[in-house]
Amino acid sequence: MSGIEPITMPKWGLSMAEGVLTRWEVDVGAAIAVGQEIMDIETDKIANAFESPVAGVLRRRVVDEGDTAPVGALLGVVSEQDVPDAAIDDFVRDFVESFEPAEEGEATTPAPEIIDAGGHRIRHLKAGPDAGAAILLIHGFGADMSTWMFNHAVLAENRPVHAIDLPGHGGSSKELADGSVDMFADAALGYMDAAGLEAAHLVGHSLGGAIAATIALKSPLRVASLTLIAPTGLGPEIAAEFIEGFVTQSRSRKLRPFIEMLVDDPATVTADMVEEVLKFKRLDGAQTALQTIVAANFSGHSQNLDLRDRLADIKAPVHIIWGQTDRIIPARHAEGLPAHIGISTLPRAGHIVHMEKAAEVNKVIAEVAK
């Protein structure tokens, strides 16, 4: 019926099949706006706020707090105020009766692929249309493309968006020449060549931010803009205890406190998120790759790379995003930079601010990459 809109369980990331609705932020009868946070959903990675895709009045809460629902399931119903209750009841009944969750293994999103690039086998994922100015997402130390699970699909609504696993990470080959930022920058440029990306808007997190900035310095014509999220290379300080704990701990109970350092609210870290890190660390070559990267970039309990004075040489638009409560790299590293560099510091967010405050971060990225 016209005027009735469903709110369904979103699909965040490749592996998400279901989510837990942990909290409703609005009551039945409340007017809601597009982009308003209306509920909290816990995935197999991390808990996150869900923004309403529609505006109107919340007429039904179909799933209760604490319940699990598959991707695509009806969570709530929004309509105009004058839509009769009977019409809402009919809509809910028809939706529930006709809904069929995706079967396990059924492809509902683009699948990652392996590509030979720059002497490495790189796992990558492209989403979105073929036309438009491409975005390339570059993750940080010890992560993989799943770190963009709340960003990739949203940014790809009207443009191609590529995400890669850097060498030594995720599903890419684990052999590293030296683990330096220069090496990773060359590998990312090799991927751009193999993927046919003459230029792209680069988005890099943490070590990936330093890699993106290095690409802009090495090959300025390949970079349309830079969005650097809590980047390394802007100051010497880094949480050495996190680096050491992340690399050395091999049991969930002992690793978890270090994973919790990544976020503002430790309660948002799930057991599955910790287990995914452990699975990666058990892969052949992964531990050696991590140690090589640490030796190249974080020896002596500090950051080895200093890009601060070189940012002024980058001609492309640059914007830096930081979580105000980042416990890995202090947000003060964003202070005192050249005036032309945009800065967004988001409250109640830690080092993985792009996951904790995905909506705000996505808006900034989209604006920078216009």
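**Exercise 1. Find out how much surface the protein exposes and what share of it carbon and sulfur atoms supply.**

Solution. Keep in mind that we're working with a predicted model here. Start with the total: the protein exposes about 16,100 Å². Next, split that area by atom type, and carbon and sulfur atoms turn out to supply 49% of it. Then turn to the inside: of the 370 residues, 53% count as buried.

While you're at it, look at the charges. There are 30 positive and 53 negative ones. Take the mean position of each set, and the two points lie 5 Å apart.

**Exercise 2. Decide how the radius of gyration fits with a compact globule.**

Solution. First, get the expected value: with 370 residues, a compact globule would come out near 21 Å. Second, look at the model, where the radius of gyration is 21 Å. The two agree, so the protein matches the compact-globule value.

For the outline, the C-alpha trace spans about 65 × 45 × 40 Å along its principal axes. Now fill in the parts: the protein has 10 helices and 16 strands. Finally, check how far along the chain the contacts reach. Taking contacts between residues at least 6 apart in sequence, 68% join residues at least 24 apart.

**Exercise 3. Trace the strand pairings of E10.**

Solution. Begin with strand E9 (residues 113-117), which runs antiparallel to strand E10 (residues 120-127) and is joined to it by five bridges. To line the two up, put Glu113 opposite His124 in E10. Now look at the link: E9 and E10 make a hairpin, with two residues between them. Gly118 sits in that turn and has a positive phi of about 55 degrees.

Then go to the other pairing. E10 also pairs with strand E12 (residues 161-164), again in the antiparallel sense, over four bridges. A handy marker here is Leu125, whose bridge partner in E12 is Ala163.

**Exercise 4. Work out which residues of helix H5 are buried and what covers them.**

Solution. Walk along H5 (residues 240-248) and pick out the buried positions: Ala240, Phe242, Ile243, Gly245, Phe246 and Val247. Next, ask what lies over them. The cover includes three helices: H6 (252-260), H7 (271-281) and H8 (286-297).

**Exercise 5. Place Phe99 and say whether it is buried, partly exposed or exposed.**

Solution. Location comes first: Phe99 is in the loop between helix H1 (85-98) and E9. Its relative accessibility is 25%; buried would need under 20% and exposed over 50%, so Phe99 counts as partly exposed.

Now for its company. Skip the neighbours within four places in sequence, and Phe99 is in contact with Pro70, Val71, Gly72 and Ala73. Thr43 is another matter: 56 residues away along the chain, its C-alpha atom is separated from that of Phe99 by 21 Å.

**Exercise 6. Take two non-glycine residues with positive phi, Ala230 and His301, and sort each as buried or exposed.**

Solution. Start with Ala230, whose phi is about 45 degrees. Ala230 lies in the loop between strand E14 (223-229) and H5. At 0% relative accessibility, Ala230 goes in the buried pile.

Now do His301, with phi near 65 degrees. This residue belongs to the loop between H8 and strand E15 (318-323). His301 has a relative accessible area of 59%, so it goes down as exposed.

Note on methods:
Residues are numbered from 1 along each chain as its sequence is written. This is a predicted model: local features need pLDDT of at least 70, side-chain atom pairs count only at pLDDT 80 or more; totals for chains, interfaces and linings use all residues. Side-chain values use heavy atoms; hydrogens and water are left out. Two strands pair if DSSP finds at least two bridges between them. The radius of gyration is taken over C-alpha atoms; the globule rule is 2.2 Å times the number of residues to the power 0.38. Buried means under 20% relative accessible area, exposed over 50%, partly exposed in between (1.4 Å probe, protein chains only). Contact means heavy atoms within 4.5 Å. Accessible areas come from the Shrake-Rupley method with a 1.4 Å probe; for residues, only the protein chains shown count as cover. Lys and Arg count as positive and Asp and Glu as negative; His and the chain ends are not counted. The place of a charge is taken as NZ of Lys, CZ of Arg, CG of Asp or CD of Glu.
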